Amino acid sequence: MSAVKILVLHGPNLNLLGVREPGVYGTTTLDGINRALEELATELSLELEIVQSNSEGALVDAIQGAMGECQGILINPAAYTHTSVAIRDAIAATALPAVEVHLSNVHAREPFRSHSFIAPVAVGQICGFGPESYLLGLRALAKRLGK
């Protein structure tokens, strides 16, 4: 039996973690988050495909490419959370369970950050726990998939 595979998507500017607004996003780098995710995936017997892009189209392509390859999506759409109908539609089209995660508590920030185009097509949203948001999201998705 092959491992359950999860697509992990990091949206725009997340490649700058560790130096970008550390007061908001902390000092953990994207590599640090990915290492922690890989360690947890091993513990949960999951396989990860990890993609970061600043391009909306590349994220849509990755979501579409997950069809038939992955059993779920863990996504931090970053700024595209509040603007991208294309990412929302791609997630809906795949019918894969998706968990939306954010490092900061988007609901405690500027009002525009409270609106998510992704949340209505996700099985859940986790925000405000820094890098732990990703790990909580991966655990929730694994449980949803019966792992």
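The exercises below work through the sheet, one helix, the cysteines and two buried residues of a predicted model.

In this predicted model, local features need pLDDT of at least 70 and side-chain atom pairs count only at pLDDT 80 or more, while totals for chains, interfaces and linings use all residues. Residues are numbered from 1 along each chain as its sequence is written, and side-chain values use heavy atoms, with hydrogens and water left out.

**Exercise 1. The sheet**

Task: state the strand order of the open sheet and identify its edge strands.

Solution. Step 1: fix the terms. Helices (H or I, at least four residues) and strands (E, at least two) are DSSP runs, numbered from the N terminus. Two strands pair if DSSP finds at least two bridges between them.

Step 2: read the order. The five strands are arranged as β2-β1-β3-β4-β5, with parallel pairing. β2 (46–52) and β5 (124–127) are the edge strands, since each pairs on one side only. From one strand to the next the twist averages 20 degrees.

Step 3: go through the pairs. β1 (residues 4–10) and β3 (residues 72–76) run parallel and are joined by five bridges; L9 stands opposite I75 in β3. Three bridges pair β3 with β4, also in the parallel sense, and here I75 stands opposite E100 in β4. β4 and β5 are joined by four bridges, with I126 in β5 as the bridge partner of V101.

**Exercise 2. Strand β4 and the helices**

Task: determine how many residues of β4 are buried and which way they point.

Solution. Step 1: apply the cut-offs. Buried means under 20% relative accessible area, exposed over 50%, and partly exposed in between (1.4 Å probe, protein chains only).

Step 2: count. In β4 (residues 98–102), five of the five residues are buried, so the strand is largely enclosed by the rest of the structure.

Step 3: sort by direction. In a regular strand the side chains alternate between the two faces of the sheet. A98, E100 and H102 point one way from β4, and V99 and V101 the other way.

Step 4: add the helices. β3, helix α4 (residues 85–94) and β4 form a right-handed β-α-β unit (with the strands pointing away from the viewer, the path from the first strand over the helix to the second runs clockwise). Helix α3 (residues 56–65) lies across β1, β2 and β3, at about 170 degrees to β1. Axes are lines fitted to C-alpha atoms, for helices over the stretch in contact (heavy atoms within 4.5 Å). Angles run from 0 to 180 degrees between N-to-C directions.

**Exercise 3. Cysteines**

Task: give the disulfide count.

Solution. Step 1: the criterion is a pair of cysteine sulfur atoms within 2.5 Å. Step 2: the count comes to zero. Step 3: check burial. C70 is buried at 4% relative accessibility, and C127 at 16%.

**Exercise 4. N34 and R113**

Task: describe the surroundings of N34 and R113, leaving aside neighbours within four places in sequence.

Solution. Step 1: N34 belongs to helix α2 (residues 30–43) and is buried at 15%. N34 is in contact with H10 and I50. The side chains of N34 and H10 make a polar contact of 2.7 Å (N or O atoms within 3.5 Å; within protein, one must be able to donate a hydrogen and the other to accept it, and residues adjacent in sequence count only if both atoms are side-chain atoms).

Step 2: R113 sits in the loop between β4 and β5 and is buried at 17%. Y25, H82 and V106 are in contact with R113. The C-alpha atoms of R113 and T83, 30 residues apart along the chain, are separated by 9.8 Å.
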